[in-house]
Amino acid sequence: MNGTLFPEGGPNRVKSLENNQYKMSFTIPTDEDGRMGRQCPIKTCSPGYFKVKPGTGVTGGQVAAYCPYCRHSTEPSDFATKEQIRYAKGLLLREVQKGVNEMIRDTMGLGASGKRKIGGGFLSVELSYKPGTLPHVRQPVEDEVRREVVCPLCTLDQTVFGLAMWCADCGKDIFMVHVSAELAVIRRMVDDIGRREASLGRRVAAKDHENCLEDAVSIFEASAKAIVRRALIERGDTPEQIDAHFKKIGNSFQSIERTRSQLKELFGFDLDADSRWESLSSSFAKRHPVTHNLGVIDRKYLERIQEAEREGREVRISTAEIQNLLIHVEQAVSHIHSKLGATTQHSLLGSGEYGLDDSK
Ligand SMILES: [Zn+2]
Ligand SMILES: [Zn+2]
């Protein structure tokens, strides 16, 4: 028998190494946007899944990649997704089957016809071997990840779930780039309200304002949670302690007052006194009636709204207010980020760049 299980070459570029080792290379298929899935190897990392666009970011000789969520760093190949591993195993099994087919043909001394006659006289047998069709290897099916951002440092085009902290290629803190990208989406929606009002009417425009306000509050809340989680991890709290803190935090970050007291309690950190916090606070206060005005409003809440209206504070929301709110949310998140999150050597953005102290 002189065949080999893995004939060299072929579409998977099989190469024979020493000691019966083989090297097989294949390209991981990308999605329609040219991105490929990546999975953090740390089991407890959540969501752990992201995508990168090959050819952007650190190209050539990359020795380490990073998880955008937990900053775990290891060889890029260790970030393979389950689907990519399945795909690789499928291709490998296909090569094995191909090799086995060849070996059987070889051992049986079958020619190109796949048939051989042995014996003669009283007994003659014809041997033939029909190899089964090679299994089809389904391309990896990856999740949809829609939040895309390009790292301003290494140019890696990456998509993540929610708000990620780190760049998957250079490992730098690009949190504020993610936050800005999220806010920019709402800004585009706000800028379109006038057009929608003209074609769809006032009620739709009012709903658009409400939705944008809610989204802005949600971005602040999600950002504050991400920063606080990171700060707790970095100061060495256990996962159990972190869970307990978050239970207590609940939805506190939907309110500036409660954010203030939570940050004070957790980190002894005071939000600076600034009129912009006031403006944020009054916009945030509108979220509750907005969220619940189609649900059941309790009497106490109604009284509070009426009181606010009597004092001349409107529950109605304007385009200008949302535009201001978006600026202030970005500054507020940046301020908390620079105070709590930007303390490590990996930090890039933050530290006063968008700080409330800045008069930009
Ligand atoms: Zn991770
Ligand atoms: Zn980068």
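Which residues in α6 meet which residues in α7? In this predicted model, Ile256, Glu257 and Arg260 of α6 meet Trp277, Leu280, Ser281 and Phe284 of α7. Helix α6 comprises residues 256-267 and helix α7 residues 275-285; the two pack at an angle of about 120°, with their axes 8 Å apart. Angles of 65 to 115 degrees count as roughly perpendicular and those over 145 as roughly antiparallel, the rest above 35 being oblique; α6 and α7 are therefore oblique to each other. By class, the contact of α6 with α7 has four nonpolar, one polar and two charged residues.

Serine 281, which is found in helix α7, illustrates this packing. When neighbours within four places in sequence are left aside, serine 281 is in contact with Ile256 and Glu257, both of which belong to α6. The relative accessibility of serine 281 is 13%. Because buried means under 20% relative accessible area, serine 281 counts as buried.

Two zinc sites were then examined. The zinc ion (ligand 1) is coordinated by the SG atoms of Cys40, Cys45, Cys67 and Cys70, at 2.2 to 2.3 Å. The angles subtended by the four donor atoms around the zinc ion (ligand 1) run from 106 to 114°, so the arrangement is tetrahedral. The spacing of these donor residues in sequence is C-x4-C-x21-C-x2-C. Cysteine 40 lies in the loop between β3 (36-39) and β4 (49-52), whereas cysteine 67 lies in the loop between β5 (65-66) and β6 (73-74); the pair therefore ties together parts that are 27 residues apart in sequence. Cysteine 40 counts as buried at 5% relative accessibility, and cysteine 67 is buried with a relative accessible area of 0%.

For the zinc ion (ligand 2), the protein donors are the SG atoms of Cys151, Cys154, Cys167 and Cys170, lying 2.2 to 2.3 Å from the ion. The four donor atoms at the site of the zinc ion (ligand 2) form angles of 100 to 116°, and the site is tetrahedral. In sequence, the donor residues of the zinc ion (ligand 2) follow the spacing C-x2-C-x12-C-x2-C. Distant parts of the chain are linked by the pair of cysteine 154, in the loop between β9 (147-150) and β10 (157-160), and cysteine 167, in the loop between β10 and α2 (175-191), the two being 13 residues apart. Cysteine 154 and cysteine 167 are both buried.

Definitions and conventions: Residues are numbered from 1 along each chain as its sequence is written. Chains are lettered from A and ligands numbered from 1 in the order in which they are written. This is a predicted model: local features need pLDDT of at least 70, side-chain atom pairs count only at pLDDT 80 or more; totals for chains, interfaces and linings use all residues. Side-chain values use heavy atoms; hydrogens and water are left out. Donors are N, O and S atoms within 2.8 Å of the metal (3.2 Å for Na, K and Ca); water is not among the atoms, so sites may look incomplete. Four donors count as tetrahedral if all angles lie between 85 and 135 degrees; four count as square planar and six as octahedral if opposite donors are over 155 degrees apart and all others between 65 and 115; anything else is irregular. Helices (H or I, at least four residues) and strands (E, at least two) are DSSP runs, numbered from the N terminus. Buried means under 20% relative accessible area, exposed over 50%, partly exposed in between (1.4 Å probe, protein chains only). Axes are lines fitted to C-alpha atoms, for helices over the stretch in contact, and angles run from 0 to 180 degrees between N-to-C directions. Contact means heavy atoms within 4.5 Å. Ala, Val, Leu, Ile, Met, Phe, Trp, Tyr, Cys and Pro count as nonpolar, Asp, Glu, Lys and Arg as charged, and the others, Gly among them, as polar.
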